[in-house]
Amino acid sequence: MTAPTVVLGEEGEVKVWSKVYEILKRPFPSKDIQWRIGRKNKNGDKAIVLAYVDARAIQDRLDEAFDTWEPEYTPVDMGTMEVETRNGTEIKHVKGFLCKIIGCKDGLTISRQDGGDCTDFEPFKGGLSSAFKRAGAALGIGRYLYDLGETWVEIDKFSNFDPPQLPDW
């Protein structure tokens, strides 16, 4: 991610944002990267796994980059949609949250916003967390993980797997 074009009156302000973005974009140690299954093959013995950073790691990174920061959440109800499932067509309610992360450093303020759906498991908490992580990515946090592409792993009958080796960033 490149820092946005900054039209400011002071050279020091550009230096502040350059330092903030350097911190936000920095790769996480592998211990902070978590993995989830994206989809399984037909046999159910392999899966594509997706890397992500949890909300607490993002909070720690925001603490490091900014003097102060806060999330603002807005609930979103987009109505209903038809979804094809194994049991036929079902009506799904499309709800979620927008999260705006507002960060302040040396008297300057920046914000980024993104949204996430309410999840099937713990819908309220999952929706907030999803929106927060996506807003973090809008600031550059963990965005490099999207460049990993498809990573296949072997899974057992309980969908357990060994995490893949990450590249040296």
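## The largest pocket

In this predicted model, strand β2 supplies the largest share of the lining of the largest pocket, namely five residues. The pocket holds about 620 Å³ of space. Its lining comprises 19 residues, of which R36, A51, Y52, K133 and Y146 are the closest to the centre. The elements that contribute two or more residues to this lining are β1 (33-40), β2 (46-53) and α3.

Sorted by class, the lining of the largest pocket contains 12 nonpolar, four polar and three charged residues.

## The second largest pocket

The second largest pocket has a volume of about 380 Å³. Among the 15 residues of its lining, A55, K125, G126, S129 and K133 are the closest to the centre. Two or more lining residues come from each of α2 and α3, and α3 gives the most, with seven residues.

By class, the lining of the second largest pocket is made up of five nonpolar, five polar and five charged residues. K133 is listed among the residues closest to the centre of the largest pocket and also among those closest to the centre of the second largest pocket.

## Overall architecture

The chain contains three helices and six strands. Read from the N terminus, these elements follow the order α-β-β-α-β-β-β-α-β.

The C-alpha trace spans about 60 × 40 × 25 Å along its principal axes. Of the 169 residues in the chain, 31% are buried.

## The two sides of helix α2

Helix α2 covers residues 55-65, and its buried residues are A55, A57, I58, R61, L62 and A65. These residues occupy an arc of only 160 degrees around the axis, and therefore lie on the same side of α2. A general property of helices is relevant to such a pattern: an α-helix has 3.6 residues a turn, so residues three or four places apart point the same way. The exposed residues R56 and D60 are carried on the face of α2 turned away from its buried side.

R61, one of the buried residues of α2, also makes a contact with an aromatic ring. Its charged end sits over the ring of F28, at 4.0 Å from the ring centre. A55 is likewise buried in α2, and A55 is also one of the residues closest to the centre of the second largest pocket.

## Aromatic pairs

Two aromatic pairs are found in a search of the whole structure. In the pair formed by W69 and F132, the ring centres are 6.0 Å apart and the planes meet at 35 degrees, so the pair is classed as tilted. This pair links distant parts of the chain, since W69 belongs to strand β3 (residues 68-85) and F132 to helix α3 (residues 123-138), 63 residues apart. W69 has a relative accessibility of 22% and therefore counts as partly exposed, whereas F132 is buried, with a relative accessible area of 3%.

The other pair consists of F97 and F124, whose ring centres lie 5.4 Å apart and whose planes are at 85 degrees, so the arrangement is edge-to-face. F97 is located in strand β4 (residues 88-105) and F124 in helix α3, so the pair ties together parts that are 27 residues apart in sequence. F97, at 10% relative accessibility, counts as buried, while F124 is exposed, with a relative accessible area of 56%.

## Position of W69 relative to K42

W69, placed in strand β3, can also be set against K42. These two residues are 27 residues apart in sequence, and their C-alpha atoms are 45 Å apart in space.

## Positive phi angles in loops

Most residues other than glycine have a negative phi. D106 departs from this tendency: its phi is positive, near 50 degrees, and the residue is not glycine. D106 lies in the loop between β4 and β5 (108-117). With a relative accessibility of 52%, D106 counts as exposed, because the threshold for exposure is over 50%.

E122 likewise has a positive phi, of about 50 degrees, although it is not a glycine. E122 is found in the loop between β5 and α3. Its relative accessible area is 41%, and E122 is therefore partly exposed.

Technical notes: Residues are numbered from 1 along each chain as its sequence is written. This is a predicted model: local features need pLDDT of at least 70, side-chain atom pairs count only at pLDDT 80 or more; totals for chains, interfaces and linings use all residues. Side-chain values use heavy atoms; hydrogens and water are left out. Rings of Phe, Tyr and Trp (its six-membered ring) pair if their centres lie within 6.5 Å; planes under 30 degrees apart count as stacked, over 60 as edge-to-face and the rest as tilted. Helices (H or I, at least four residues) and strands (E, at least two) are DSSP runs, numbered from the N terminus. Buried means under 20% relative accessible area, exposed over 50%, partly exposed in between (1.4 Å probe, protein chains only). A charge sits over a ring if NZ of Lys or CZ of Arg is within 6 Å of the ring centre and within 35 degrees of the ring normal. The arc is that of the directions from the helix axis to the C-beta atoms. On a 1 Å grid over the protein atoms alone, a cavity is a set of points where a 1.4 Å probe fits but cannot get out, and a pocket is an open set with protein on both sides within 12 Å along at least five of seven lines; lining residues have an atom within 4 Å of a point. Grid points are joined across faces, edges and corners, and a volume is the space filled by probe spheres set on the points. Ala, Val, Leu, Ile, Met, Phe, Trp, Tyr, Cys and Pro count as nonpolar, Asp, Glu, Lys and Arg as charged, and the others, Gly among them, as polar.
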